[in-house]
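Work through the two exercises below with the sequence and the coordinates at hand, and compare each step with the solution that follows.

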Amino acid sequence: MKITVLNGSPKGEESGTVYFVKYIQKKYPQHEYEYFNVAQAIKKIENDPQEFDRVIESVKNSDGVIWSFPLYVFLVHASYKRFIELIWERRVENIFRDKYVVSVATSIHFFDHTAINYMHSISDDLNMRYIDFFSADMTDLTKEDRRKDLLQFAHNFFEQMEQKRKTIKSYLPIIVDIKEYIPTEVRAPLDTKGQRFVIVTDAMDQDKNIGRMVKRFQEYTQADLVDLSALKINGGCTGCIHCGFDNECIYGENDDVKKTYEKLKQYDILVFAGTIKDRFLSARWKTFIDRRFYITHQPHFSGKQLAYLISGPISQTHNIREVLQANAEFDEVNLAGILSDESASALEIDERMKALAQNLVEYSLQGYIRPQTFLGIGGMKIFRDVIWGRLRMVFQSDHRYYKKHGKYDFPQKDFGTRVLNAIMIPITKIPSVKKSIQRDMKKHMISANQQVLRSK
Ligand SMILES: Cc1cc2nc3c(=O)[nH]c(=O)nc-3n(C[C@H](O)[C@H](O)[C@H](O)COP(=O)(O)O)c2cc1C
């Protein structure tokens with residue numbers, strides 16, 4: 001059987017992920033494999049039609065496709081996303097129809113599921129026959145058990161493809177129900193009470209809803225504007241991790257990305273705006289998001305308010321919402337709302353816009369940050385562990401930051417609990433004590449809360 005491997009790492013041949021696929025190839029040499037470094041070569045693929053056609057021709061002649069990609073900031077790398085956008089822009093989506101497909105992803109398991117969901121939904125949108133995913137830690141190839149799992153996964157892929165077995169579709173096609181948004185006039189701008197707004201957008205075109213939403217929001221809040229389409233961006237994140245030591249990006253000051261991120265810190269309220277393209281924001285937006293990685297695993301906007309203006313079917317793409325919420329929690333900002341142009345009249349959108357802007361000002365003055373959910377808390381525990389341990393040497397700047405900001409909240413530092421456990425656990429071995437604790441467990445669990453109600 002013929003397999004096309006679409007490599008989503010900006011490192012091309014030096015991708016660690018693609019070694020997982022090469023290992024499959026080594027153990028299943030009876031199949032034919034053709035590799036394309038689509039993320040690394042995206043400029044060539046985009047600008048030279050023959051290069052794009054070469055990839056598509058290979059897919060056309062294949063029985064199956066492997067999406068081989070590293071995690072890049074909650075999703076795939078911006079250039080991989082750009083390749084996916086090109087599939088629809090150049091109307092070759094039918095070439096992918098009915099091809100069997102799997103995802104092979106590597107990461108440190110920080111939001112690997114949102115990238116996997118994304119690629120699964122893209123596969124379903126392309127009417128491919130999605131079999132499964134394999135999400136590995138970047139070091140898993142060195143572990144015997146994981147190699148066994150990988151080969152089992154590959155075996156299942158080849159066997160199901162050979163047998164032409166039916167697959168299950170998980171994502172229904174998106175139904176777009178977006179009306180043209182013609183804004184109402186802004187009669188009186190908002191009194192922002194000294195809170196400074198900035199809007200970051202990739203689209204200011206006044207012939208699109210998003211351009212008009214941005215313009216109206218800007219008029220109402222007197223926000224400054226950052227237009228990503230006009231920003232000088234010399235390229236996508238290369239994955240070199242040069243930034244790990246001192247947060248210095250290889251692009252340096254040669255383009256506008258770092259300057260823009262530093263400038264955004266001056267504002268109290270950030271509003272990010274964009275249109276949903278396939279199942280995320282545009283590749284342009286994703287490039288800007290990826291390039292934020294020069295600040296590595298440190299929050300950049302702590303204490304600020306954030307909102308999104310989105311044109312497109314956000315209610316049908318829950319994965320995006322999860323990424324935006326998780327990103328906000330990681331950044332220690334308050335995501336006050338995501339306003340879209342779905343299924344609403346212009347008047348309703350404008351009223352919601354007004355309320356959102358008012359809320360943003362109030363929350364900002366209060367300094368209100370909603371407590372984190374599992375997304376922020378769980379995510380930070382993954383970073384805490386890897387930065388303290390195996391990635392400390394390459395991410396020394398994160399280590400310094402985590403030490404300074406109390407991110408190393410390991411339980412072993414909690415001496416009170418350790419002493420309590422050391423004394424109490426042996427005591428609970430006494431049957432009568434254990435029984436009494438079990439009997440009054442519910443009371444024990446609320447006693448601290450009761451004390452707060454009594455005393456505060
Ligand atoms: C800019 C950047 C962003 C990353 N984002 C994530 C992420 O969101 N979640 C995660 O678990 N790992 C993330 N990683 C780790 C990579 O996914 C991991 O190192 C991967 O194995 C690299 O594969 P590659 O060598 O094929 O490019 C990121 C790495 C870089 C350099």
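**Exercise 1: strand β4 and its neighbours**

Eight bridges join β4 to strand β5 (residues 129–137), and the two strands run parallel; strands are DSSP E runs of at least two residues, helices are H or I runs of at least four, both numbered from the N terminus, and two strands pair if DSSP finds at least two bridges between them. The model is predicted, so that local features need pLDDT of at least 70 and side-chain atom pairs count only at pLDDT 80 or more, while totals for chains, interfaces and linings use all residues. Residues are numbered from 1 along each chain as its sequence is written, and side-chain values use heavy atoms, leaving out hydrogens and water.

Determine which residue of β5 stands opposite Thr106, and what joins β3 to β4.

Step 1. Thr106 stands opposite Ala136 in β5.

Step 2. Strand β3 (residues 64–70) is joined to β4 by seven bridges, again in parallel, and Phe69 has Ala105 as its bridge partner in β4.

**Exercise 2: Thr106 and the ligand**

Establish which way Thr106 points from β4, and how far its side chain lies from the ligand.

Step 1. Tyr100, Val102, Val104 and Thr106 point one way from β4, and Val101, Ser103, Ala105 and Ser107 the other way, all of them buried (under 20% relative accessible area, with a 1.4 Å probe and protein chains only).

Step 2. An N or O atom in the side chain of Thr106 is 2.6 Å from an oxygen atom of the ligand.

Step 3. Taken alone, the ligand exposes 640 Å², of which the protein buries 91% (Shrake-Rupley areas, 1.4 Å probe).

Terms used. Buried < 20%, exposed > 50% of the residue type's maximum accessible area, 1.4 Å probe, protein only. Polar contact = N/O pair within 3.5 Å; in protein donor to acceptor, adjacent residues only side chain to side chain.
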